[in-house]
Amino acid sequence: MPTRVLILSASVGSGHKAAAAAIEQAFRRYPEFEVINQDALLHTSRIYQVAATDAYFALVKENPWSVGWLYDYNDEPFKNERGLSHVLNMLNGQPLVKLIEDYHPEIIICTHFMPAGIAAQLLLEERINSRLGIVTTDYDFQGMWLSRSFNHYFVALDEARALLASFGVEHERITVSGIPVTPLLSEPFDCEGVYKRYNLQVDRPTLLVSAGALGGGPALEIVEQIMGMKTPVQTIVVCGRNQPLRQAVTTLTAAKAEHFRVLGFTNEMPDLMRAATLFVGKPGGLSTAECMAAGLPMVVIDPIPGQEERNSDHLLENGAAIRCRDLPVLGFKIDQVLQEPGRLEGLRAGTQRLARPDAARVVIETLLNDTTSPYVFDREQRRRIIAVSRGKTEPELVAPPPPDTVILYDDETGVLLGTITPTQMKFLDTYLVEEHADDETYYLDEPTLDYLIEQHPDPELLTVLRSILRTRTHVEIRFVLP
């Protein structure tokens with residue numbers, strides 16, 4: 001009997017479903033598995049679907065700042081699994097619960113936090129006996145992804161792994177897999193054939209503009225900027241299923257039609273990405289991961305506050321992208337990249353630091369070899385993790401000095417020099433000169449030390465004073481009384 005695998009995504013944007021599809025495609029190498037790939041939102045109430053999709057996209061379009069606010073507000077771990085939010089998820093997700101229980105998969109792979117939370121609850125209630133793998137689909141790790149129970153986390157970056165480890169997640173349960181992308185990006189590629197099919201010139205840089213996700217206004221401005229560039233380029237504009245936008249771009253570029261290819265929805269993005277010189281568009285998790293796998297540097301435009309902003313930060317940190325904050329200078333910035341010697345090569349090298357075209361395979365093979373029981377965060381661990389996320393954890397306690405200890409510092413550098421007793425401090429008070437009544441420092445050098453030795457200090461004080469001058473010729477000692 002084949003091993004049953006359930007892949008769960010959510011159609012909030014295209015990235016979660018694309019990652020799930022990439023994992024499903026990679027499973028084709030393993031005929032001993034029965035794989036079902038489901039959009040979890042289709043197994044929730046209609047109200048929940050509208051709230052999760054229509055309302056979200058309305059915010060993205062009309063009030064993108066609010067998306068960033070919501071992202072930050074929900075960045076606290078376990079917020080999706082507490083109080084009213086948890087109750088609503090379980091109530092609205094009852095059809096999804098039924099799907100999971102009826103199928104009873106040995107392995108569950110989630111590319112969205114909503115089904116991951118529901119699967120985790122079923123594990124906690126021992127209603128299913130499955131291995132739960134959670135695959136994040138952005139470069140940053142947002143707190144909503146953290147579930148009370150799981151087997152393994154798959155993240156995009158070492159930084160995300162470090163964050164999870166700071167929460168107390170065992171290193172062995174976190175794999176830096178990257179974001180799963182279509183296996184087509186790893187298949188043999190006929191660049192010359194792509195150029196011939198689209199009637200492109202081999203000696204011209206090729207810009208790939210993902211306009212469908214940008215909306216009409218920004219997309220048209222982007223194309224206008226490219227039309228005014230100094231560098232001779234050729235541009236492929238992909239408008240997706242936005243037919244009015246495709247018509248508008250076609251009309252706009254009619255005078256330079258030989259240098260533009262205006263497409264609708266296409267299944268040939270993997271080939272176009274590998275043939276292009278630069279990608280111009282938004283840094284969604286999947287788009288970004290696909291560009292990195294294709295070795296295609298990005299020109300980041302208008303990232304959505306929250307996850308896309310953070311994706312953009314990681315791209316810039318790794319030198320795999322440039323960001324254009326003001327569209328009127330887009331053409332100028334792309335001209336700089338194409339004309340400055342070594343600039344484009346540097347960006348391509350940056351993509352290699354982030355490229356993980358085999359992420360889907362890594363996810364599958366890791367879960368197949370994972371024989372651990374589901375991990376469960378107890379109440380105290382969850383409390384500590386929430387505190388860590390708020391930056392309120394107490395540092396490791398260091399025992400304070402005894403109450404009768406005088407602490408000595410280098411007044412110039414603040415370096416700790418040692419400690420002495422009040423009796424030893426009284427000895428220094430007796431034989432060293434204070435410049436004024438409120439003076440909190442004493443000058444110490446070799447002649448001064450020789451003078452003090454003549455006054456017969458106790459051996460412990462002498463040891464401290466000699467150690468202070470071991471690496472310096474003189475020092476102004478500041479003392480702090482108990």
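Which residues line the second largest pocket? In this predicted model, the lining comprises Gln 25, Ala 26, Arg 28, Arg 29, Val 181, Pro 183, Ser 186, Pro 357, Asp 358, Ala 360 and Arg 361. Two or more of the lining residues come from each of helix H1 (15-26) and helix H17 (359-368). The volume of the second largest pocket is about 150 Å³. Classified by side chain, the lining of this pocket has 5 nonpolar, 2 polar and 4 charged residues.

The description now turns to the sheets. Strands of a sheet pair through backbone hydrogen bonds, in either a parallel or an antiparallel arrangement. Both arrangements are represented in the model: one open sheet has parallel pairing, and another open sheet has antiparallel pairing.

The parallel sheet is built from 6 strands, arranged in the order S10-S9-S8-S11-S12-S13. Its edges are strand S10 (260-263) and strand S13 (321-324), each of which pairs on one side only. From one strand to the next, the twist of this sheet averages 15°. Within the sheet, strand S11 (residues 278-281) is joined to strand S12 (residues 298-301) in the parallel sense over 3 bridges. Gly 281 has Val 300 of S12 as its bridge partner. Helix H15 (residues 330-339) lies across four strands of the parallel sheet, namely strand S8 (206-210), S11, S12 and S13. The direction of H15 makes an angle of about 160° with that of S13.

The antiparallel sheet contains 4 strands in the order S16-S15-S18-S17. Strand S16 (416-420) and strand S17 (441-445) form its edges, each pairing on one side only. In this sheet the twist averages 30° from one strand to the next. Strand S15 (residues 406-410) pairs with S16 in the antiparallel sense over 4 bridges, and Thr 419 of S16 is the bridge partner of Ile 407. Helix H21 (residues 459-468) packs on this sheet, where H21 touches S15, S16, S17 and strand S18 (474-480). Relative to S16, the direction of H21 lies at about 170°.

Helix H21 also packs with a second helix. Two packed helices are described by the angle between their axes and the distance between the axes. The axes of H21 and helix H20 (residues 446-454) come within 11 Å and cross at roughly 170°. Angles over 145 degrees count as roughly antiparallel, and H20 and H21 are therefore roughly antiparallel to each other. On the H20 side, the contact is made by Leu 449, Leu 452 and Ile 453; on the H21 side, Leu 462, Leu 465 and Arg 466 take part. By class, the contact between H20 and H21 has 5 nonpolar residues, no polar residues and 1 charged residue.

Methods:
Residues numbered from 1 in each chain as written. Predicted model: local features only at pLDDT ≥ 70, side-chain atom pairs only at ≥ 80, totals over all residues. Heavy atoms only, no water. 1 Å grid on protein atoms, 1.4 Å probe; cavity = no way out; pocket = protein on both sides within 12 Å on 5 of 7 lines; lining within 4 Å. Points joined across faces, edges and corners; volume = space filled by probe spheres on them. Nonpolar A, V, L, I, M, F, W, Y, C, P; charged D, E, K, R; others polar. Pairing = 2+ DSSP bridges. Axes fitted to C-alpha atoms, helices over the stretch in contact; angles between N-to-C directions. Contact = heavy atoms within 4.5 Å. Parallel < 35°, antiparallel > 145°, perpendicular 65-115°, else oblique.
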